[in-house]
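Work through the exercises below with the model open. Each one gives a task, followed by a solution in steps.

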Amino acid sequence: MKDCIFCRIISSEAPATIVFADEFVTAFFDIHPITPVHILVVPNEHIESVNEVEEKHAALLGHMIVVARQLAFANGLDQRGYRLVINTGPEAGQSVFHLHLHLIGGRRMPFRFQ
Ligand code: AMP
Ligand code: ZN
C-alpha cells in the first residue's frame, strides 16, 4: 500500500528504528512513545485492522505475540510486566490502519488508557 506509513517502513521507503524483522513481521520503536519501552509489532502483509483478520491469519497473529514476548524479554520487561495492545477502530483510538500490536512497558501503568 503506497500511502500506508507502516507499509512504507516495512519496505524501507520510510525511516524507523527497526528492532526485529523476519519474513512475516517487522517491529520498530513507536515515534511517540507513551512508556519507556514502546515497540510496534506489525505484520508485513497490509491488514487494516482486527476487523479484517481471517482464520488464515491465525498463525501470523500468534507469531506477532511470540515476537512481542521475545522483545519484552530483550527489554527486561518479563518480570516487571508489560501490555500488548491492539486498538481497533475510531473509539479505540486506532490512528494507523495497518494492523499493529503495541508492546508497552517500563513504568507502572494505570488501568485506564490515557
Ligand atoms: P494506533 O493509535 O493504535 O493506531 O497506533 C499508531 C501508533 O503508530 C501511534 O502510537 C503512533 O505514535 C505510531 N506511529 C505513527 N507513525 C509512526 C512512524 N512513522 N514511526 C513509528 N511509529 C509511528
Ligand atoms: Zn500498510
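**Exercise 1.** Sort the residues of the shell around ligand 1 by class.

Solution. The structure is a predicted model. Start with the count: 16 residues surround ligand 1. Next, assign each residue to a class, which gives eight nonpolar, seven polar and one charged. Asp counts as charged, and Asp30 is listed with Asn87, Ser95, His100 and His102 as the closest residues of this shell.

**Exercise 2.** Find which secondary-structure elements supply at least two residues of the shell around ligand 1.

Solution. Two elements to mark are α1, residues 5–10, and β2, residues 25–29, as each supplies at least two shell residues. Then rank the contributions: α1 gives the most, with three residues.

**Exercise 3.** List polar atom pairs between the protein and ligand 1, using a cut-off of 3.5 Å between N or O atoms.

Solution. Take the backbone first. A nitrogen atom of ligand 1 lies 3.1 Å from a backbone N or O atom of Ile31. At Ser95, a backbone N or O atom is 2.7 Å from an oxygen atom of the ligand. Now turn to side chains: His100 places a polar side-chain atom 2.9 Å from an oxygen atom of ligand 1. As a last step, consider the cover as a whole. On its own, ligand 1 has 500 Å² of accessible area, and the protein covers 84% of this.

**Exercise 4.** Which pocket corresponds to the space taken by ligand 1, and what lines this pocket?

Solution. The ligand takes up the space of the largest pocket. The volume of this pocket is about 630 Å³. Its lining has 27 residues, with Asp30, His32, His38, Leu40 and His102 closest to the centre. Asp30 and His102 also appear among the closest residues to ligand 1. By element, α1, β2, β3 (37–43) and β5 (101–105) each give at least two lining residues, and α1 gives the most, with three. By class, the lining divides into 16 nonpolar, 10 polar and one charged.

**Exercise 5.** Describe the second largest pocket by volume, residues and class.

Solution. The volume comes first, at about 160 Å³. The lining is made of Arg80, Gly81, Tyr82 and Arg83, together with Gly106, Arg107, Arg108 and Met109. Sorting these residues by class gives two nonpolar, two polar and four charged. The charged ones can be read from the list as Arg80, Arg83, Arg107 and Arg108.

Note on methods. Residues are numbered from 1 along each chain as its sequence is written. Chains are lettered from A and ligands numbered from 1 in the order in which they are written. This is a predicted model: local features need pLDDT of at least 70, side-chain atom pairs count only at pLDDT 80 or more; totals for chains, interfaces and linings use all residues. Side-chain values use heavy atoms; hydrogens and water are left out. A residue is near a molecule or strand if one of its heavy atoms lies within 4 Å of it. A polar contact is a pair of N or O atoms within 3.5 Å; within protein, one must be able to donate a hydrogen and the other to accept it, and residues adjacent in sequence count only if both atoms are side-chain atoms. Accessible areas come from the Shrake-Rupley method with a 1.4 Å probe; for residues, only the protein chains shown count as cover. On a 1 Å grid over the protein atoms alone, a cavity is a set of points where a 1.4 Å probe fits but cannot get out, and a pocket is an open set with protein on both sides within 12 Å along at least five of seven lines; lining residues have an atom within 4 Å of a point. A molecule sits in a cavity or pocket if more than half of its atoms lie within 2 Å of its grid points. Helices (H or I, at least four residues) and strands (E, at least two) are DSSP runs, numbered from the N terminus. Grid points are joined across faces, edges and corners, and a volume is the space filled by probe spheres set on the points.
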